[in-house]
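Grab a pencil and have a look at the fold below. Then try the exercises before you read each solution.

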Amino acid sequence: MRGLAVADEVRVALDAGRPVVALESTLIAHGLPRPRNREVAAELETLLRDRGVTPATIAVIDGTPTVGLCPDALSAIAEASDVAKLSVRDLPVASALHRTGATTVAATSLLAARAGIRVFATGGLGGAHRGWADSADESADLVTLARTPITVICAGMKSILDVGATLERLETLGVTLLGWRTNSFPGFYLSRTEFAVDWRVEDARQVAAVMADADTLGLRSAVVVANPVPEAEQLDHDLHDRVLAEALAGAARRGLRGKAVTPFLLETFHRETAGASLETNIAVVRNNVTVAAGIATAWAAEAGAPGVSGAPGVNGAAG
Ligand code: PSU
Ligand code: MN
């Protein structure tokens with residue numbers, strides 16, 4: 001793989017021990033409809049800058065894994081109709097064939113960690129799909145989080161997945177799970193699910209302390225911070241349940257497989273809720289980015305002066 005390109009402002013911030021938050025591009029290219037996606041991409045970066053945090057949106061541009069996109073690159077990812085969806089296994093191909101693509105939670109986590117970034121905000125994680133026992137459809141997000149030292153702030157995972165099975169897999173894989181001011185695992189469009197979280201944190205300093213102690217213990221796995229969308233912004237429960245049934249039936253009818261499944265389900269949701277799920281989705285991401293800004297700031301304070309950053313033996317740093 002050719003070298004990672006790290007934007008100057010990101011490199012400068014990391015070297016100075018200032019807070020940086022990674023952002024994902026599949027969410028932009030395949031998770032949100034055009035042209036709203038481009039506006040949201042810019043808004044998320046502004047939310048971070050307003051809090052004194054440097055944004056690092058990650059994608060592969062003409063074959064170069066890029067950490068921190070310039071406005072043109074962000075537009076290319078948001079506006080082109082044929083942007084590839086890149087998980088970890090796709091990265092060397094996109095690189096070798098000089099392709100442009102958006103990175104999933106898995107690929108974004110890997111590239112962020114390589115660049116020395118420890119905090120990443122997204123909407124929802126990929127996970128075990130409903131019917132996973134037959135289809136074996138489990139997102140590579142899970143195994144990647146098992147071996148990548150990054151803190152991911154998300155609103156859980158969408159109910160298009162088998163949430164219970166995904167939580168079991170996260171436990172098996174040794175991914176640390178924290179509820180952000182909640183005892184209930186959040187349900188992305190909905191603020192709560194029937195599932196409990198074992199550990200609840202109240203503030204960013206507690207998360208930074210968990211990260212520091214994970215490093216001290218030599219763990220190389222991710223910390224997932226599950227942050228519920230505020231109740232006032234969640235999707236109507238009945239609408240949610242009806243559209244979910246329709247979306248799942250539609251995917252089954254079309255016999256969708258592999259990486260086409262998640263974008264199809266998301267698009268169906270946005271269409272069938274007449275945009276209500278889109279507004280909730282955007283609220284979810286904004287909310288996660290805001291919490292991530294606080295955690296990155298606490299982490300910068302925890303990790304201390306430049307040169308003693310907590311990133312433990314991350315291999316193949318930018319070059
Ligand atoms: N969940 C969402 N929105 C998304 C995704 C997940 O609520 O856009 C994207 C993320 O990039 C995630 C990817 O990493 O889908 C998972 O895809 P798959 O299930 O094909 O691994
Ligand atoms: Mn899949």
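**Exercise 1.** Which residues in H12 are buried?

Start with the ground rules: this is a predicted model, where local features need pLDDT of at least 70, side-chain atom pairs count only at pLDDT 80 or more, and totals for chains, interfaces and linings use all residues. Residues are numbered from 1 along each chain as its sequence is written, and side-chain values use heavy atoms, with hydrogens and water left out.

Step 1: find H12, a helix of residues 261-272; helices are DSSP runs (H or I, at least four residues), strands are E runs of at least two, and both are numbered from the N terminus.

Step 2: apply the cut-off, since buried means under 20% relative accessible area with a 1.4 Å probe, protein chains only. That gives Val261, Phe264, Leu265, Leu266, Thr268, Phe269 and His270.

Step 3: look at the partners. These buried residues pack against helices H2 (26-31), H11 (237-254) and H13 (276-303), where contact is heavy atoms within 4.5 Å.

**Exercise 2.** Find which helix gives the most to the largest nonpolar core.

Step 1: a nonpolar core is a set of buried Ala, Val, Leu, Ile, Met, Phe, Trp, Tyr and Cys residues joined through side-chain atoms within 4.5 Å. The largest one has 60 residues, and Phe185 and Phe269 are among those touching the most other members.

Step 2: helix H6 (residues 105-115) gives the most, with six residues.

Step 3: apart from this core lies another, of 46 residues, including Val21 and Met211.

**Exercise 3.** Work out how many helices and strands the chain has.

Counting along the chain gives 13 helices and 11 strands. Of its 319 residues, 55% count as buried.

Methods:
Chains lettered and ligands numbered in written order. Buried < 20%, exposed > 50% of the residue type's maximum accessible area, 1.4 Å probe, protein only.
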